[in-house]
Amino acid sequence: MADDPRSTRVHAFRDDALGEFDATGVAARIASGEVSAREVMEAAIERAESVQGPLNGIQARDFERALRSADMPRPGVFSGVPTIVKDNVDVAGLPTGQGSHAFTPSPAPRNSAFVDQLLSTGAVSIGKSRLPEFGFSASTEYPSDDPVRNPWNPEYSSGASSGGAAALVASGALPFAHANDGGGSIRIPAAACGLVGLKPTRGRTVADATDKTMPIRIIGQGVVTRSVRDSARFYAAAETYYRNPKLAPVRLVEGPGSTRLRVGMIVDSVTSVPTDDETRKAVHATADLLESLGHRVEEAPLPVGIEFLHDFQMYWGFLSFALLTGGKKMFGPTFDAAKTDNLSRGLAAMYRKHMVETPRMLYRLQRTTRLYARLSQSYDVILSPTLGHTTPKIGYLSAALDFETLFERLTNYASFTPLNNVAGGPAISLPLHRTSTGLPLGVHFSAAHGDERTLLELAYELEAAAPWARIQDPD
């Protein structure tokens, strides 16, 4: 590819019904009659098809139903706005493949509970987006299939596990997309592709059926967006469909807050591998920006020690072991564990060697919620890298690698995000910086349980103070 990173960008922005608007802007155009929902849907389908070849973000097309739905969109803040659902939750009439070749999925009989919540905003889905097998990896790559590529430079990873969703939104094919996060799967692709990625507090959105079966519910359902206001409007709208009475309401956040925050800064993770220089500089630059805006930043201690890393790795393995041993019951009689990829099999094998530790592992992970809450008593927000190093090229996190190599690389790359999944606290990745190669570089913010509002207010402030790069603009 050419030396100029701008020449490698893949985007679908053009002068059509979608224009350069975010989901909020598209919804306003539809509501005003400036464009019809059908015109918007036709533009989204055309855009999605135009980037599918180079980016490979779509798993299943549902275009005909999307066009029919666009003719009579349901009311909501995103009425008629195109979106897509990640292929690890059910959409009635479409198969749920989980990114795997280990089974042949049948069409789902009904929507998952969260899909109903997503569609209650008025959005219309065009199909299913791609993910790595069972969402276990931090890059949407496969042993033999083509990977999902980063629209900023297709030689690089789009992140994972919501990699297909992020590629489609960052490229301009869709204004926003469903994503979910069990170890960073909203925030990692958001960081890689230059998007806003908010993982909500545990219990904030409706849980998928499989989420409820976990001994520790690490998965949060949400979206990836190009603007803070889209994320804010989604969570406010989702709350009108279901609000957890145990959590303070988010309500609609429409701009920065007035309170100056106590910010704790963490630069290195619990792994023994230091954060790379570019990412480290980005975090310090963000701290300087926060201080210039009147916030107080100081270095904060890690709330967990090295045992957290070991325990999360074992839980990761436990989930894979449960899927592989119970696959026929979960996915049907066609399931063949031997056809899963090296990562899934390696995780299950690793857990099998240490399964006697399971009670202690679960106890220690459950204790993480209290340790996280204790840190939140000292700081309003925790600033950190989203990832341990900048986005790697395709192949670095390939599912075709031997397990030991891939596992070590994944551990060092996705070294910050899992804490919020285990502890249950909200966290957001914002694309505040760029790498030397022109790729987005995300920075991570965490807050106390139930305090998405502070994260969104701060995100508005940072978006205004340091607007992030747009893929369609010259540098």
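The following questions and answers examine selected features of this predicted model.

User: Which residues does the cis peptide bond join?
Analyst: Most peptide bonds are trans. In this predicted model, a peptide bond with an omega of about 5° is cis. One of its residues, Ser161, lies in the loop between strand S5 (153-157) and helix H5 (163-170). The cis bond joins Ala160 and Ser161.

User: What is the phi of Asn56, and is the residue buried or exposed?
Analyst: Most residues other than glycine have a negative phi. Asn56 is not a glycine, yet its phi is positive, near 65°. The residue lies in the loop between helix H2 (37-55) and strand S1 (58-61). Because its relative accessible area is 14%, under the 20% limit, Asn56 is buried.

User: Where does Gln98 lie, and what is its phi?
Analyst: Gln98 belongs to the loop between strand S2 (82-86) and helix H4 (113-119). At 14% relative accessibility, Gln98 counts as buried. Although Gln98 is not a glycine, its phi is positive, at about 60°.

User: What is the order of the strands in the open sheet of three strands?
Analyst: The pairing in this sheet is mixed. Its edge strands are S1 and S2, each of which pairs on one side only. From one strand to the next, the twist averages 45°. The order is S1-S3-S2.

User: How many bridges join S2 to strand S3, and which residue of S3 stands opposite Thr83?
Analyst: Strand S3 comprises residues 124-129 and runs parallel to S2. The number of bridges that join them is four. Opposite Thr83, the residue in S3 is Ser125.

User: At what angle to S3 does helix H3 run?
Analyst: Helix H3 is formed by residues 63-71. The helix lies across S1 and S3. Its angle to S3 is about 160°.

User: How far from Asp341 is the nearest side chain of opposite charge?
Analyst: Asp341 lies in the loop between helix H10 (327-331) and helix H11 (342-354). Asp341 is buried and has no salt bridge. A salt bridge requires the nitrogen and oxygen atoms to be within 4 Å. The nearest side chain of opposite charge is that of Arg345, at 6.2 Å.

User: Which backbone nitrogen lies 3.1 Å from a polar atom of the side chain of Asp341?
Analyst: Not counting residues up to four places away in sequence, Asp341 touches Glu133, Pro143 and Ala399. A polar atom of the Asp341 side chain also lies 3.1 Å from a backbone nitrogen, that of Leu343.

User: How many salt bridges does a search of the whole structure find?
Analyst: Side chains of opposite charge can pair when their charged atoms come close. One such pair is Glu34 with Arg29, whose closest N and O atoms are 3.0 Å apart. Arg29 is buried, with a relative accessible area of 13%. In the whole structure, the number of salt bridges found is 23.

User: Why does the salt bridge of Arg61 and Glu49 tie together separate parts of the sequence, and how far apart are they?
Analyst: The side chains of Arg61 and Glu49 meet at 2.9 Å, N to O. Because Arg61 lies in strand S1 and Glu49 in helix H2, the pair ties together parts of the chain. Arg61 is partly exposed at 43% relative accessibility, and Glu49 is partly exposed at 36%. The two parts are twelve residues apart in sequence.

User: Which residues are linked in a network of salt bridges with Arg434?
Analyst: Arg434 and Asp475 form a salt bridge at 3.0 Å, N to O. Arg434 lies in strand S12 (residues 427-434) and Asp475 in the segment after helix H15 (452-465), so the pair ties together parts 41 residues apart in sequence. Arg434 is partly exposed, with a relative accessible area of 29%, whereas Asp475 is exposed at 56%. The residues linked with Arg434 in the network are Arg9 and Asp475.

User: Which backbone oxygen lies 3.4 Å from a polar atom of the side chain of Thr8?
Analyst: Thr8 lies in the segment before helix H1 (23-32). At 7% relative accessibility, Thr8 counts as buried. The backbone oxygen that lies 3.4 Å from a polar atom of its side chain belongs to Trp152.

Methods: Residues numbered from 1 in each chain as written. Predicted model: local features only at pLDDT ≥ 70, side-chain atom pairs only at ≥ 80, totals over all residues. Heavy atoms only, no water. Buried < 20%, exposed > 50% of the residue type's maximum accessible area, 1.4 Å probe, protein only. Lys, Arg positive; Asp, Glu negative; His and termini not counted. Polar contact = N/O pair within 3.5 Å; in protein donor to acceptor, adjacent residues only side chain to side chain. Contact = heavy atoms within 4.5 Å. Pairing = 2+ DSSP bridges. Axes fitted to C-alpha atoms, helices over the stretch in contact; angles between N-to-C directions.
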